[in-house]
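Notebook open, coffee poured. Today I'm looking up salt bridges first, then the nonpolar packing.

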Amino acid sequence: MTTRSIVAIALLTGAFGLARAEDAAPPPGPADDTPKAEATEEEKPEEVVVTATRLETPAKQVGSSITVITRKEIEQKKQATVLELLRTVPGVDVVQAGPAGGQSSVFLRGAKSEHTLVLLDGVELNDPITPGRSFDWAHLTADNVERIEVLRGPQSTLYGSDAIGGVINIITRKGQGPPRVTLGAEAGSRRTFRETLSVMGSTPVFNYALSTAHFETGGISAAERRDGNREKDGYRNSTCSARLGFSPAENFDVDLIVRCIRGRTENDNFGGPGGDDPNYTSEVEQHFVRAQGRLRLLGGDWEQKFGVSYSDHHRTTRNNPDAAHPLDLERSAYDGQIARFDWQHNFRLHETNTLTVGLETERESGKSRYHSDGMWGPYDSAFPRQSARTHSVYVQDSIALFERFFATVGFRLDDHEQFGSAFTYRVAPTVVIPETGTRIKGSVGTGFKAPTLYQLYDPLYGNPDLQPEKSRGCDFGVEQDLFGGLVTLDATCFRNRFKNLIDFVFVGWSGSYQNVAEAESKGVELGATMRPTENLTLRATYTYTDTEDKATGLELLRRARHKASVEANYRLLKATNIHLSAAYIGPRKDLFFDNTTFTSSRVTLDSYLLVNLAVTHDVTKNVQVYGRVENVLDQHYQEVKGYGAPGIGFFTGVRAAF
């Protein structure tokens, strides 16, 4: 069955009022489809996280700063992409160049966007052929996503390179219960349409969760409309996801995880006046695959986890001449791959100690080519296929004493075939005082980021003598429950120092990459969660981030000094849910490139307040309708200078589960 066939079925079903909607995430499994009252505090299971320690650990025992976006919250917010779900997370700056499909980045606590390691069920999503080995968030939808864990601070001890600023781990859904088929359809502003289909379920030895989704929008002008740009830039995305599990024995199970993404974006030329470019498009194909197993021996005291993962990135751009740009002709293609094998051993030495030992080997490779023919004449460049291999070993001890003191202590050694070895460590203690509802937490650690393939081996600008970028970070926080847990307050201060950063250094008309830069970020993250009634939850956060380029004394680009958010979720009569969120982003510095004078200047982007509203109603236990309003206040704002952002938008949909 083709994607278009699936789309047609979903739309026809929705037209007769039988479909049940979803825009951001796939329809929930059996447990989610039937409306039911909220669980009481006594009935709610203790939240467990895995990213901070690579073990299933109660959140109260984790010393690191971590935020979890649960499946329930994904359902409530009804956002289409993972990027949108991250906007209210403390310590996270989200930046998108224009509307849907535009280049998108995430900054954790002031670190560079390429300093965040992005994982999907253990598959590394960072693109090895980008200059900084970063990840473009524009094409990652929330389809089939169970939860998102955002881990802040240097995490190289467990995750190696790219985790110098933190880790964002996306965990997909696992099928359970009898077979369930869910169809969804959505339509809204700017000629936006979305269709979804998912199938999931389980038997005693087999589980499956399959989904496919298609998203298409007419968009707005990527280049700022107020600069005279009128040509609209659309976007479309098709995503297929699968997670299959097999448990032939009580102590052994295996999983196969696959995700395929295809996106097409209509772009503009730079942004600003004269930015409209009707023939400038880019396409992306991404394939992520992982096979993993888990074996438990000695009554569960020795657990082994092993896996093989592969990621493949393919990007192309095409820009043909047009009336406004008669000299434009551009073609480019980028191909990057990462193959990894990992083997983790968890030894339960005593009820107070679990020792984790892990081995990893990774090979990254990539190539690119570029051709243009403009006012300066033809230009061709090629980056021939290059590769690099890294071998790693890490050790961590997880300590639990008297149900009051918890800590992880670990170190890691990475050996890169080009620059040699890098050593990192991390210590993260937690003290829990149940009598007062107090939790005191903290962490200190180091991180590193290996030079990228482009920085090392580019024929014109590469430097094979580059050393890894390094960081040292620490944080300290207190969490306090009040009124029997009805109110929770938390405060965390942090500081990160980055050195040996890689920048491009000009020498005459040319130059190369060098380890020359240093930077620092420090700040405070505040939060408050209130549950005044069983059906009402309120959450407020504030983040202050002070960044500095140590060479110039200037603050880093596109990081807001002040960021705040408020979220309210209300369950009305068990069948209706109302979710309101507001995010304030303060002024940020950016660089604006003038495509008429070919010069750049430092500018300040205005602050903005982004308010979103989502309302869902369970018509029956199998049918749900919903509506969503984005940018309720119709704010005009820019996240990248010269690029516009969508105004107010209205969306509605239905979803049905069988």
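I started with a pair of charged residues: Glu525 and Arg109 are both buried. This is a predicted model, so I'm reading computed geometry here. The two side chains form a salt bridge, 2.9 Å from N to O. Glu525 sits in strand 25 and Arg109 in the loop between strand 5 and strand 6, so this pair ties together parts 416 residues apart in sequence.

Next I checked Asp143 and Arg194, whose side chains meet in a salt bridge at 2.3 Å, N to O. Asp143 is in the loop between strand 7 and strand 8, and Arg194 is in strand 11, so the pair ties together parts 51 residues apart in sequence. Is Asp143 buried or exposed? Asp143 counts as buried because its relative accessibility is 3%. Arg194 comes out at 2%, so Arg194 counts as buried too.

Third pair: Arg439 and Glu479 make a salt bridge at 3.2 Å, N to O. I find Arg439 in strand 22 and Glu479 in strand 23, 40 residues apart. Both are buried. I also noted a network joined by shared salt-bridge partners, including Glu124, Arg133, Arg340 and Lys449. My search of the whole structure gave 47 salt bridges.

Then the packing. The largest nonpolar core has 26 residues, and Ile148 is one of those touching the most other members. Elements giving it two or more residues include helix 4, strand 5 and strand 9. Leaving out sequence neighbours up to four places away, I see Ile148 touching Val68, Leu86 and Ile170, among others. Another core, of 14 residues, lies apart from that one, with Ala59 and Leu158 among its members.

Key
Residues numbered from 1 in each chain as written. Predicted model: local features only at pLDDT ≥ 70, side-chain atom pairs only at ≥ 80, totals over all residues. Heavy atoms only, no water. Core = buried A, V, L, I, M, F, W, Y, C linked by side-chain atoms within 4.5 Å. Buried < 20%, exposed > 50% of the residue type's maximum accessible area, 1.4 Å probe, protein only. Helix = DSSP H or I, 4+ residues; strand = E, 2+ residues; numbered from the N terminus. Contact = heavy atoms within 4.5 Å. Salt bridge = Lys/Arg side-chain N within 4 Å of Asp/Glu carboxyl O.
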